[in-house]
Amino acid sequence: MVGGGCYGTFYASQLAKARARGKTDYRTVIVVDRNPDCQAKRELGEARDRQFVISDWTTFFDQFLTVRPSDRPTDDQIVPSPHMPHLMFDWVLRRARARWPNRTVAVEPVPGTFPTPYDRPGADDTRYVSWADWICPTHCIEPALCPAIGASRTWEMGDSVRELADQLRAGGRAVTGPALFVCKHQVFGVGMFSAEAVRAGDRLVAEAGANGEPPEILVGTISSCHGALNLLRLGELSSVVGHRLSVR
């Protein structure tokens, strides 16, 4: 659970209700917040199936995601906050820079034409896109019938991002991917994506850069309607042998 503020409190509460009613099951909900007195801790508290980790998100995910999959169950899920930075791309970027310390690892603006009505660049070159040009209902589960417009939802963000990658390749860019971390609403309005999908994105970057050529990797954290996109560019592999980082 990314954050123990108002959103994290709501999501943790909803998961507890869903479990109590037999609608879901899980081992533990881990709420990660650097504030030891966060809202979720005050209102929900510790429980047999709920614990709190006092940490910034960067430090937490550097440990949590880097654990070898054989040492951690592969069905762990990450519940994002709607307003968090592009944390999963940041982790993949840190991994790439550690893997290739003598190689240029850069973040480039995401090019190309995208069909969504909302399309804005962030200061960190993250491209924020959305099929909604309206105010979405709070905790919308993105059903087939869009509640904001009262009509069928005819779009799927994953398809749009894959089409963007094809467009860039057709234009001559050496784009790999996309690596997509897809948030799906699972129960009682709580959306989540697989931690293993994030590790797979890291492996995709490692494989794309293994031959020394300068590829670009398109990475996105998305739901059906919204997305945050980044383009990671690797320079040519230096002839200087650097530190090797396992891709496992």
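**Helix α3, two pockets and local backbone features**

Three residues of helix α3 are buried: Phe60, Phe61 and Phe64. Viewed down the axis of α3, these buried residues fall within an arc of 90°, so they line one face of the helix. The model described here is a predicted one. Several elements cover the buried residues of α3. Among them are the strands β1, β2 (50-54) and β3. The helices α4 (87-99) and α6 (195-208) also belong to this cover. The N-terminal end of α3 is capped by aspartate 56. A side-chain oxygen of aspartate 56 lies 3.1 Å from the backbone nitrogen of threonine 58.

Helix α6, part of the cover over α3, also holds arginine 199. Arginine 199 has a relative accessible area of 4%. The cut-off for a buried residue is under 20%, so arginine 199 counts as buried. Its side chain makes a polar contact with leucine 65. The partner atom is the backbone oxygen of leucine 65, at 3.1 Å.

Helix α3 also takes part in a pocket. Rolling a probe the size of a water molecule over the atoms shows where empty space is left. The second largest pocket has a volume of about 610 Å³. Its lining is made up of 25 residues. Tyr26, Thr28, Asp75, Asp76 and Gln77 lie nearest the centre of this pocket. At least two lining residues come from each of β1 (29-33), α3 (57-64), β3 (77-78) and β10 (184-187). Helix α3 gives the largest share, four residues. By type, the lining of the second largest pocket holds 16 nonpolar, four polar and five charged residues. Strands β1 and β3 thus appear in two settings: they supply residues to this lining, and they help to cover the buried residues of α3.

The largest pocket has a volume of about 1,200 Å³. It is lined by 41 residues, and those closest to its centre are Ser81, Pro82, His83, Ser223 and His226. Four elements, α1 (6-20), β6 (127-130), β12 (216-222) and β13 (226-234), each contribute at least two residues to the lining of the largest pocket. His226, among the residues closest to the centre, falls within the range of β13 (226-234). The lining of the largest pocket comprises 25 nonpolar, 13 polar and three charged residues.

Three features of the backbone were also noted. Most residues other than glycine have a negative phi, and most peptide bonds are trans. The peptide bond from glycine 177 to proline 178 is cis. Its omega is near 15°. Proline 178 sits in strand β9 (residues 175-182).

Aspartate 125 has a positive phi, near 70°, although it is not glycine. This aspartate 125 lies in the loop between β5 (118-121) and β6. Strand β6 is also one of the contributors to the lining of the largest pocket. With 29% relative accessibility, aspartate 125 is partly exposed.

Phenylalanine 188 likewise has a positive phi, near 50°. It is found in the loop between β10 and β11 (190-194). Strand β10 supplies at least two residues to the lining of the second largest pocket. The relative accessible area of phenylalanine 188 is 28%, and this residue is partly exposed.

How values were computed. Residues are numbered from 1 along each chain as its sequence is written. This is a predicted model: local features need pLDDT of at least 70, side-chain atom pairs count only at pLDDT 80 or more; totals for chains, interfaces and linings use all residues. Side-chain values use heavy atoms; hydrogens and water are left out. On a 1 Å grid over the protein atoms alone, a cavity is a set of points where a 1.4 Å probe fits but cannot get out, and a pocket is an open set with protein on both sides within 12 Å along at least five of seven lines; lining residues have an atom within 4 Å of a point. Grid points are joined across faces, edges and corners, and a volume is the space filled by probe spheres set on the points. Ala, Val, Leu, Ile, Met, Phe, Trp, Tyr, Cys and Pro count as nonpolar, Asp, Glu, Lys and Arg as charged, and the others, Gly among them, as polar. Buried means under 20% relative accessible area, exposed over 50%, partly exposed in between (1.4 Å probe, protein chains only). The arc is that of the directions from the helix axis to the C-beta atoms. Contact means heavy atoms within 4.5 Å. A polar contact is a pair of N or O atoms within 3.5 Å; within protein, one must be able to donate a hydrogen and the other to accept it, and residues adjacent in sequence count only if both atoms are side-chain atoms.
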